[in-house]
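Here is a report that walks through one protein model, a piece at a time. Keep the picture open as you read and look up each residue when its name comes up.

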Amino acid sequence: MDNLILIVINILVAVIMFLLGLSFYKSKGKAADFLSGYNARSKEDRLNFDETQMCMEYGRFMMLMAIPFIPGALIDYFVPLLGSGIAWGVWFIMLIILLVKRIKKESGIK
């Protein structure tokens with residue numbers, strides 16, 4: 001029973017992450033308002049960024065962030081909590097990578 005709950009949670013998180021990424025990808029730049037920090041920039045500062053390209057890039061990365069939860073669900077079938085722990089660990093590392101890339105991109109650091 002515990003395995004089933006973990007599997008459902010992993011699949012649910014994967015679907016939510018994928019749909020969130022897909023919505024960013026297809027937003028044509030309108031999802032930029034949901035990026036923390038970016039939404040506080042002035043209108044003049046925002047003109048320096050291609051919001052459509054930025055949302056597509058972040059959306060693709062968010063869709064990739066759904067992937068660790070699929071093998072996590074499979075691992076949880078055999079060893080409860082191990083798959084979820086690995087999936088969340090990989091997801092957290094991917095989140096850090098995304099944030100570092102975003103900071104570099106938005107601050108102009110190469």
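## A first look at charge pairs

Is glutamate 51 buried, partly exposed or exposed? Its relative accessibility is 22%, so glutamate 51 counts as partly exposed. Please keep in mind that you are looking at a predicted model.

Side chains of opposite charge can pair when their charged atoms come close. In this model the count of salt bridges is 3. One of them joins arginine 46 to glutamate 51, with the closest N and O atoms 4.0 Å apart. Arginine 46 also meets aspartate 33 in a salt bridge, at 3.0 Å from N to O. Aspartate 33 sits in the loop between α1 and α2 while arginine 46 belongs to helix α2, so this pair ties together parts that are 13 residues apart in sequence. Around these bridges the surroundings vary: arginine 46 is buried at 12% relative accessibility, and aspartate 33 is partly exposed at 43%.

Because arginine 46 takes part in a bridge with glutamate 51, it helps to see the group as a whole. Shared partners join Asp33, Arg46 and Glu51 into one network. Another salt bridge links aspartate 45 with arginine 41, where the closest N and O atoms are 2.7 Å apart. Aspartate 45 is partly exposed at 26% relative accessibility, and arginine 41 is partly exposed at 23%.

## A charged residue without a partner

Now look for aspartate 76, which has its place in helix α4, residues 69–78. How far away is the nearest side chain of opposite charge? That side chain belongs to lysine 101, and the distance is 27 Å. Aspartate 76 is buried and yet has no salt bridge.

What does aspartate 76 touch instead, once neighbours within four places in sequence are left aside? Its contacts are Asn3, Leu6, Ile7, Asn10, Leu81, Leu82, Gly83 and Ser84.

## How the helices pack

Two packed helices are described by the angle between their axes and the distance between the axes. For α4 and helix α5 (residues 82–107), the axes come within 7 Å and cross at roughly 160 degrees. The two helices are therefore roughly antiparallel to each other, and their crossing is right-handed. On the α4 side, Phe69, Gly72, Ile75 and Asp76 take part. They meet residues of α5 including Leu82, Gly83, Trp88 and Trp91.

Helix α5 also packs with helix α3 (residues 51–64): these axes come within 10 Å and cross at roughly 170 degrees. That angle makes α3 roughly antiparallel to α5. Among the α3 residues in this meeting are Met54, Tyr58 and Phe61, and among those from α5 are Met94, Leu98 and Arg102.

## Two buried residues to find

Arginine 102 is found in helix α5. With a relative accessibility of 12%, arginine 102 counts as buried. Its C-alpha atom is separated by 9.2 Å from that of methionine 54, although the two residues are 48 residues apart along the chain. Beyond neighbours within four places in sequence, arginine 102 is in contact with Leu35, Ser36, Gly37, Tyr38 and Tyr58.

Phenylalanine 24 has its place in helix α1. Is phenylalanine 24 buried or exposed? It counts as buried, at 7% relative accessibility. Phenylalanine 24 and methionine 63 are 39 residues apart in sequence, and their C-alpha atoms are 9.5 Å apart in space. With neighbours within four places in sequence left aside, phenylalanine 24 has contacts that include Ala31, Phe34, Leu35, Cys55 and Met62.

## Positive phi angles in the loops

Most residues other than glycine have a negative phi. Which value does phi take at lysine 28? It is near 55 degrees, a positive value in a residue other than glycine. You can find lysine 28 in the loop between α1 (2–25) and α2 (43–46). Lysine 28 is exposed, with a relative accessible area of 66%.

Leucine 81 has a positive phi of about 75 degrees, although it is not a glycine. This residue lies in the loop between α4 and α5. Leucine 81 counts as exposed, at 58% relative accessibility, and it is one of the contacts of aspartate 76.

Note on methods: Residues numbered from 1 in each chain as written. Predicted model: local features only at pLDDT ≥ 70, side-chain atom pairs only at ≥ 80, totals over all residues. Heavy atoms only, no water. Helix = DSSP H or I, 4+ residues; strand = E, 2+ residues; numbered from the N terminus. Buried < 20%, exposed > 50% of the residue type's maximum accessible area, 1.4 Å probe, protein only. Lys, Arg positive; Asp, Glu negative; His and termini not counted. Contact = heavy atoms within 4.5 Å. Axes fitted to C-alpha atoms, helices over the stretch in contact; angles between N-to-C directions. Parallel < 35°, antiparallel > 145°, perpendicular 65-115°, else oblique. Left-handed = near helix turned anticlockwise from the far one by under 90°.
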